[in-house]
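Work through these short exercises with the structure in view. Try each task before you read its solution.

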Amino acid sequence: MENRENFKSRIGFIMTSAGCAIGLGNVWRFPYITGKYGGAAFVLFYLLFLVILGLPIMVAEFAVGRASGKSAIRSFHVLEPQGTKWHLFGYFAAAGNYLLMMFYTTVAGWMLSYVVKSARGDFAGLDAGQIGAIFGDLVSKPGEQLLWLFVVTLVGFAVCFRGLKNGVEKVSTFIMTTLLFLMIVLVVRAVTLQGAGSGLSFYLKPDFSKVVENGVGEVVFAAMGQAFFTLSLGIGSLAIFGSYIGKEKAITGEAINIIALDTFVALMAGFIIFPTCFAFGVNPEQGPGLIFVTLPNIFNAMSFGRLWGTLFFVFMSFAALSTVIAVFENIIAFAMDLLGWSRTKAVVVNGISLFVLSVPCVLGFNVWSAFAIPKIGGIQDLEDFIVSNNLLPLGAFVYLLFCTARYGWGFKNFIAETNTGDGIKFSEKLKFYLTWILPIIILGIWIAGYIQKFF
């Protein structure tokens, strides 16, 4: 067995794992659905579900990773009882990581392109319609998008090529530290804008009438879904970092630290976006258009808008790249664990493969824009649907079953692994909840996703 690299420091593990969890879902999707579902009222539901949904599944992924010392594609081989077929799930987990990167790299490319556009002053002096046209122009040009896709892929794999300690851990720690610093600077700017107060009260005062208006069930499921998807749980993208840590610390405390950091970033994104939107009389419920059309308009109207706009897109790019680097490390580990490849070979082959596999997403916005599946949408929507609506919830379901069922790894082994080391322990009293209640909630989220999409 080859010597497996380990993290140099605990902070490196926390920053890298948080970097995987912190992505565009925190800073793009979270403020948008918070705006849609009543501000602080939605946030309260979201925080509740992070603890009762996200935490146990994250602990399960880390435990499987640490006990096996392998990535998701091999961890079940190591831990499953003889003669069982749990290891087949590893191939679905691997597919989930590839599929996620096949569309996520394109969006990360958009962020980088907006850093350049903003720094160059491309938005200066334009009206709202012209700024909207810049985004339309970007997605209509396959060449420009492919260039940025290439840059994202090259940067991500170049970091992973340097190894866990010198590449992934070092760069992720730098990115996360810078991201947190940028975020605080942007929050201070946003909350000191004239008229920011109404944005803050929208964000911080629970408005339960909005919850009733949207339907309590819908808001609860939206909060569950966001809590679940923000952490990228279910495809083993966090399990890999479990396999790189020692046994000095119990897993639950580490998972709480990562979720706290992830939540902090999501909440701070709200402190940037809501005061800014309200200060300029803009509706914050706009989805993706908020980032690429509305916010550039707002920065345009601010003094030193070019600087603030550039800093904002650097922040967004770092959020995207932290996830890209973490999932690329996973993808490389699959090849090393399953095929016994060297890191160099795994980086080169996967780098080329992933770039090629990501091309359809880019072309889906222009050359292949006629391709659409009823109720789902184009190529990016299809890839996102397979990952977000299927592989994540069903994968989390498998992880839970594996950790609790006696014909899987079993609850006894799971608890022993989770509670090895100093720190907060996972209570054995939660066995019934983990075995029966949480899997039903996850299946409920999966079914609700289909009902929302198709009916």
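**Exercise 1.** Is K8 buried or exposed?

*Solution.* Keep in mind that this is a predicted model. Start with the position: K8 sits in the segment ahead of helix 1, which spans 10–21. Next, take its relative accessible area, which is 56%. The cut-off for exposed is over 50%. K8 is therefore exposed.

**Exercise 2.** Find the residues that gather with K8 in a patch of positive charge.

*Solution.* Look on the surface. R162, K165 and K170 gather there with K8.

**Exercise 3.** Where is L338, and how does its accessibility class follow from the number?

*Solution.* First, locate L338: it belongs to helix 15, residues 305–339. Then read its relative accessibility, 32%. Buried means under 20% and exposed means over 50%, with partly exposed in between. So L338 counts as partly exposed. Finally, look at its partners. L338 joins L88, Y91 and L339 in a nonpolar surface patch of about 350 Å².

**Exercise 4.** Describe the fold content of the chain, then decide why it can be called as compact as a globular protein of its length.

*Solution.* Count the elements: there are 19 helices and zero strands. Now take the radius of gyration, 21 Å. The globule rule gives 23 Å for 455 residues. The two values are close, so the chain is as compact as a globular protein of that length.

**Exercise 5.** What box do the C-alpha atoms fill, and what share of the residues is buried?

*Solution.* Along the principal axes, the box is roughly 65 × 50 × 45 Å. Of the 455 residues in the chain, 58% are buried.

How values were computed
Residues are numbered from 1 along each chain as its sequence is written. This is a predicted model: local features need pLDDT of at least 70, side-chain atom pairs count only at pLDDT 80 or more; totals for chains, interfaces and linings use all residues. Side-chain values use heavy atoms; hydrogens and water are left out. Patches are made of residues with over 30% relative accessible area and no salt bridge: like charges are joined within 9 Å, nonpolar side chains (Val, Leu, Ile, Met, Phe, Trp, Tyr) within 5 Å. Accessible areas come from the Shrake-Rupley method with a 1.4 Å probe; for residues, only the protein chains shown count as cover. A salt bridge is a side-chain nitrogen of Lys or Arg within 4 Å of a carboxyl oxygen of Asp or Glu. Lys and Arg count as positive and Asp and Glu as negative; His and the chain ends are not counted. The place of a charge is taken as NZ of Lys, CZ of Arg, CG of Asp or CD of Glu. Helices (H or I, at least four residues) and strands (E, at least two) are DSSP runs, numbered from the N terminus. Buried means under 20% relative accessible area, exposed over 50%, partly exposed in between (1.4 Å probe, protein chains only). The radius of gyration is taken over C-alpha atoms; the globule rule is 2.2 Å times the number of residues to the power 0.38.
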